[in-house]
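Work through the exercises below with the sequence and the model in view. Each task is followed by a solution in steps.

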Amino acid sequence: MNTPGSTRRRFAPLALIAVLAVLGIASSPHVACAQMSLPALTVQAGKNGAQTYSLTIQVLILMTVLTLLPAILLAMTAFTRIIIVLSILRQALGMTTTPPNQVLTGLALFLTFFVMSSTLNQAYLGGVKPYMNGQISGEVAIDRTILPLKRFMLAQTRENDLRLFSKLSGHGPFASPDDVPLSVLIPTFMTSELKTAFQIGFMIFIPFLVIDLVVASVLMSMGMMMLSPMLISMPFKIMLFVLVDGWTLMLGTLAASFHR
């Protein structure tokens with residue numbers, strides 16, 4: 001059983017893992033390693049014993065990384081598929097605001113942590129922890145941290161999408177999956193995730209669409225054409241979803257849909 005302390009230890013390194021991953025995307029490893037050696041704050045002596053302080057470009061890079069961090073993290077994890085499927089489910093139930101966006105986003109984030117836990121743990125043990133202990137350099141830490149994320153994304157991508165973006169970028173064919181650059185892998189991963197999410201959403205929509213058609217046909221045969229079919233079918237869809245334990249089935253299916 002996971003204790004609160006073990007849970008905190010598991011998710012504490014996520015920010016550091018993400019920063020190392022972003023550094024690998026935003027700049028070459030050599031540049032990132034060189035920037036890490038620069039002091040963040042420089043003190044210079046002025047006239048009359050005064051001192052002036054100046055920040056190096058390292059702080060500017062860090063602020064840029066923190067600004068782009070949410071978008072890059074969402075583009076490299078399972079969040080995209082999960083949030084799209086949950087949004088389609090809400091539309092299929094006929095409820096546009098229930099559950100609210102905050103609830104769906106929080107559910108998608110924590111389910112993403114659950115799905116990505118093994119990948120993030122590999123990235124932490126292979127790259128972040130040795131770097132924090134001073135066992136490896138920054139360049140090696142970036143490579144080892146990004147490698148599990150790349151393998152996770154490659155496991156979800158389709159060969160046709162990878163071939164397309166490789167052709168558009170002018171790269172490839174690649175000798176091994178580890179040679180695929182992130183500039184090609186990330187758009188390929190996002191495209192494959194969108195396709196998979198819409199396929200799952202289509203399958204979710206089918207039973208609820210049948211209920212809407214049946215209710216609309218019954219109301220039409222009874223001559224109640226002024227009554228909205230959505231108003232009548234919504235309780236039946238909610239009842240069906242609750243009876244089949246829909247949330248457990250949905251979240252379990254989503255978590256199992258990712259190849260590791």
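H9 passes H10 in a right-handed crossing. The model is a predicted one, and the first exercise stays with this pair.

**Exercise 1. The pair H9 and H10**

Task: State at what angle H9 and H10 pack, name the class of that angle, and describe the contact.

Solution.
Step 1. Locate the helices: H9 covers residues 182-221 and H10 covers residues 229-243.
Step 2. Read the geometry. The axes are 9 Å apart, and the angle is about 140 degrees.
Step 3. Classify the angle. The oblique class takes what is left after under 35, over 145 and 65 to 115 degrees are set aside, so H9 is oblique to H10.
Step 4. List the residues that touch. H9 contributes Phe-208, Ile-211, Asp-212, Val-215, Ala-216 and Leu-219. From H10 come Pro-229, Met-230, Ile-232, Ser-233, Phe-236, Lys-237, Leu-240 and Phe-241.
Step 5. Sort them by class: the contact of H9 with H10 has eleven nonpolar residues, one polar and two charged.

**Exercise 2. The protein as a whole**

Task: Give the number of helices and strands in the protein, and find where the strands fall in the order of elements.

Solution.
Step 1. Count the elements: the protein has eleven helices and two strands.
Step 2. Follow the order from the N terminus, which is α-α-α-β-β-α-α-α-α-α-α-α-α. The two β elements come after three α elements.
Step 3. Add the burial: 36% of the 260 residues count as buried.
Step 4. Add the surface. About 15,200 Å² is accessible, and carbon and sulfur atoms hold 69% of that area.
Step 5. Look at the contacts with a separation of 6 or more: 69% of them join residues 24 or more positions apart.

**Exercise 3. The pair H8 and H9**

Task: Describe how H8 and H9 cross, and sort the residues of their contact by class.

Solution.
Step 1. Locate H8 at residues 159-169.
Step 2. Read the geometry: the axes of H8 and H9 come within 9 Å and cross at roughly 145 degrees. The crossing is right-handed.
Step 3. List the residues. On the H8 side are Asp-161, Leu-162, Phe-165, Ser-166 and Ser-169. They meet Val-184, Pro-187, Thr-188, Thr-191, Ser-192 and Lys-195 of H9.
Step 4. Sort them: four are nonpolar, five polar and two charged.

**Exercise 4. The pair H6 and H11**

Task: Which classes of residue make up the contact of H6 with H11?

Solution.
Step 1. Read the geometry. H6 and H11 pack at about 45 degrees, with axes 10 Å apart, and that angle makes H6 oblique to H11. The crossing is right-handed.
Step 2. List the residues: Leu-107, Leu-111, Phe-114 and Val-115 of H6 meet Trp-247, Leu-251, Leu-254 and Ala-255 of H11.
Step 3. Sort them. The contact of H6 with H11 has eight nonpolar residues, with no polar and no charged ones.

**Exercise 5. Backbone details in two loops**

Task: Find what is notable in the peptide bond from Thr-98 to Pro-99 and in phi of Asp-245.

Solution.
Step 1. Recall the background: most peptide bonds are trans, and most residues other than glycine have a negative phi.
Step 2. Check the bond. From Thr-98 to Pro-99 the peptide bond is cis, with omega near -5 degrees. Pro-99 sits in the loop between H5 (79-93) and H6 (101-132).
Step 3. Check phi: the value for Asp-245 is near 55 degrees, which is positive, and the residue is not glycine. Asp-245 belongs to the loop between H10 and H11 (246-256).

**Exercise 6. Buried, partly exposed or exposed**

Task: Decide whether Asp-245, Leu-209, Ser-183 and Phe-110 are buried, partly exposed or exposed.

Solution.
Step 1. Set the cut-offs: buried is under 20% relative accessible area, exposed is over 50%, and partly exposed lies in between.
Step 2. Asp-245 has 43%, so Asp-245 is partly exposed.
Step 3. Leu-209 has 41% and is therefore partly exposed. Leu-209 is in H9, and its C-alpha atom is 7.6 Å from that of Ala-92, 117 residues away along the chain.
Step 4. Ser-183 has 57%, so Ser-183 is exposed. Ser-183 also lies in H9.
Step 5. Phe-110 has 60% and is therefore exposed. Phe-110 is found in H6.

Terms used:
Residues are numbered from 1 along each chain as its sequence is written. This is a predicted model: local features need pLDDT of at least 70, side-chain atom pairs count only at pLDDT 80 or more; totals for chains, interfaces and linings use all residues. Side-chain values use heavy atoms; hydrogens and water are left out. Axes are lines fitted to C-alpha atoms, for helices over the stretch in contact, and angles run from 0 to 180 degrees between N-to-C directions. Helices (H or I, at least four residues) and strands (E, at least two) are DSSP runs, numbered from the N terminus. A crossing is left-handed if the near helix is turned anticlockwise from the far one by less than a right angle, and right-handed if clockwise. Contact means heavy atoms within 4.5 Å. Ala, Val, Leu, Ile, Met, Phe, Trp, Tyr, Cys and Pro count as nonpolar, Asp, Glu, Lys and Arg as charged, and the others, Gly among them, as polar. Buried means under 20% relative accessible area, exposed over 50%, partly exposed in between (1.4 Å probe, protein chains only). Accessible areas come from the Shrake-Rupley method with a 1.4 Å probe; for residues, only the protein chains shown count as cover.
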